[in-house]
Each structure stands twice: as structure tokens, then as C-alpha cells.
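Visitor: Please choose a single part of this model and take a close look at it with me. I would like to go slowly and to have each term explained when it comes up.

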Amino acid sequence: MEHEVQYHIGFGKKDLGQSPPLIALISGDPDRARIIAQETQGTVLEKELSENRGLNSYLARLPNGRPFISATSGMGAPSLSIVINELYQVGVRVIIRVGTSGSIQSDVKMGSVVITRAALCRQGAADDIAPKEYPAAANPFLTLALVNAARELKTDWHIGITASVDTFFEGQERAESSANKNLLRHLHGVTEEYRALGILNYEMESGTLFKMGSVYGFAAACICGIIADRTQSEHPDHQAKERAVHDAIRVALRAAETFDKEYMQPRYWR
Ligand code: URA
């Protein structure tokens, strides 16, 4: 069964060669998945694995020769949960999400990167995987690899807790830029509340990814480029995005390259 082509991601273990990769970088955006594998200095594209349903996936090598998959998760936790389930079935055990995010703290500037150490998980898909109270915690060893890479590459980086929610507009308390002018009462003031709790940023996938990591048994981590400053505006900034995404990719690739083999064993994934 495991050698069969997976229905959604459109490839199977048989497509991954003699030494199938344990590591995957996942992006919400198919173009980012392509850029990571095809257009980033140091990475060598081996082959395009599939272009199914916009879930483009690539097999590539890191500068030290380590193989990895660059895959698309799609936007939001339901799509991500499907992709992660199938990546697990083809043998992936180390997953770094490379995403974008909105800052809710004034010191987390546009263009910087945030490494998530744990998520406040307000996601329906995660409730199908583990109870609400189950921790959405990143793998500490893989997270440290991201921090070390961010320091080495001298990026503007932060580490902390991320609010991982299901919707870009309502769930992140966007009022002015949203078509929906009837924001539910329980969401009014939620950003201010999260800010007071020390939460750094909003995104839409890490909470479910982290819960899946602990339940399935794989190492999960997340780095996001800050493309919106919610202390100033609801709108993403295209210029900041370029730098933020570029840095998030560089850090993720360096972490994947340097991640100690010792931590690629099941005892470190629970
Ligand atoms: N992604 C999000 O989920 N929120 C933002 O503000 C920016 C990117």
C-alpha cells in the first residue's frame, strides 16, 4: 500500500528513489514550494513529483546532499492535514512549515521571521486529531535547529507562541478589509487579548501540524515571514513579503541541512 501513489499529493514512495527523504519543507503556496526546490541557491532539483490539485511537490537536495521534499500544504489546516497524512505515509518524519504571518506585537517587525515554539490552536481540523486540550507544541530539537540557523544567517528573528486559527479574516479579527461586517461577539477584542498573553503572531496551519506531529510521531516545526503588521494595518505588505519569505526559506533550508541525525529517531518525536 505504502508504495502506491497517494491520492492527493499525487506521488508515492516508489517515486522517491533508493534513499527516500525523511525531511519535507511545506508551504501553503505552490509557487513557494517550487521556488524552494528550483530557484534557491544551493538546492538542487532532482525531479518534480506532482502537480495535483495545486499541491505541487518536488524532490530536491540540500547543499550537503541530503534529500528533501518541498511540498505544498494548501491554505489552512484541513488541506494541510491531508498533505501531512500522505507525506507521513511515504516516509517523511521531519516537517518544517515555511509560511507567512501577521505580527500582533509592535517589536515583531514586518520583514522579520517568527519561529513558533507552540501554538494556541483554534482549528477545527485539529479537533479531529486530538482533544482541544492536547498541546500544540513544536518539536524542540527541530525548533532549536531553526533558531541556530536564524542566528547563523543573521536574520531578524523571534521565537514564541503563535495563534493558529482557521480564518484569515474573521478569525484574525479583520473588520475593515473583510466582506463580513458582522464579526461575532467572541472575536471582538481577541487580538488585544492575545497580545496581552504575549502571543507574537497569527497564521493558519502550525497548530494542527504540531498536534499531528505528536500524535503520528514525527518532528514538526514552523517558521513564518512577517508580511502584515497588525499593530498598524490589516493589510499584507508586498515589499516586506519578499524579504520575509526569502529569509524564512533560507533559515528552513539551513535547519534542514544541519538537523542532527540523532534527532531523526522516533524517541525524539513523541
Ligand atoms: N497569514 C496569516 O494567516 N495572517 C496574516 O496576517 C498574514 C499571513
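Guide: Let us begin at Glu173, whose place is in the loop between β7 and α5 (190–196); helices (H or I, at least four residues) and strands (E, at least two) are runs assigned by DSSP and numbered from the N terminus. The model is predicted, so local features are described only at a pLDDT of at least 70 and side-chain atom pairs only at pLDDT 80 or more, while totals for chains, interfaces and linings use all residues. Residues are numbered from 1 along each chain as its sequence is written, and side-chain values use heavy atoms, with hydrogens and water left out.

Glu173 has a positive phi of about 55° although it is not a glycine. Most residues other than glycine have a negative phi. With a relative accessible area of 18%, Glu173 is buried, where buried means under 20% relative accessible area, exposed over 50%, and partly exposed in between (1.4 Å probe, protein chains only). Another loop offers a comparison: Lys154, in the loop between α4 (140–152) and β7 (157–165), has a positive phi near 55° and is not a glycine either, but Lys154 counts as exposed because its relative accessibility is 73%.

From here we can turn to the ligand, since Gln172 and Arg174 are among the residues around it, that is, residues with a heavy atom within 4 Å of it. Also in this shell are Thr100, Ser101, Gly102, Phe168, Tyr202, Glu203, Met204, Ile227 and Ala228. By class, 5 of the shell residues are nonpolar, 4 polar and 2 charged; here Ala, Val, Leu, Ile, Met, Phe, Trp, Tyr, Cys and Pro count as nonpolar, Asp, Glu, Lys and Arg as charged, and the others, Gly among them, as polar.

Several N and O atoms of the protein approach those of the ligand. An N or O atom in the side chain of Arg174 is 2.7 Å from an oxygen atom of the ligand, while a polar backbone atom of Thr100 is 3.4 Å from a ligand nitrogen. At Gly102, a backbone N or O atom lies 3.5 Å from an oxygen atom of the ligand. On its own the ligand has 230 Å² of accessible area, of which the protein covers 94%; such areas come from the Shrake-Rupley method with a 1.4 Å probe. Two or more shell residues are given by each of the elements β5, β8 and β9 (219–229), and the largest share, 3 residues, comes from β5.

Glu203, one of the residues around the ligand, also leads us to a salt bridge, defined as a side-chain nitrogen of Lys or Arg within 4 Å of a carboxyl oxygen of Asp or Glu. The closest N and O atoms of Arg97 and Glu203 are 2.8 Å apart in such a bridge. Because Arg97 lies in strand β5 (residues 94–103) and Glu203 in strand β8 (residues 201–203), the pair ties together parts that are 106 residues apart in sequence. Both Arg97 and Glu203 are buried. Side chains of opposite charge can pair when their charged atoms come close.

This bridge can be set beside others, for a search of the whole structure finds 12 salt bridges. In one of them, the closest N and O atoms of Arg243 and Asp247 are 3.9 Å apart, and since these two residues are 4 apart in helix α7 (residues 238–258), about one helical turn separates them. Arg243 is partly exposed, at a relative accessible area of 42%, whereas Asp247 is buried at 9%. Elsewhere, salt bridges that share partners join Asp31, Arg34 and Glu39 into one network. Within it, the side chains of Arg34 and Glu39 meet at 2.8 Å, N to O, and Glu39 counts as exposed because its relative accessibility is 52%.

Key. A polar contact is a pair of N or O atoms within 3.5 Å; within protein, one must be able to donate a hydrogen and the other to accept it, and residues adjacent in sequence count only if both atoms are side-chain atoms.
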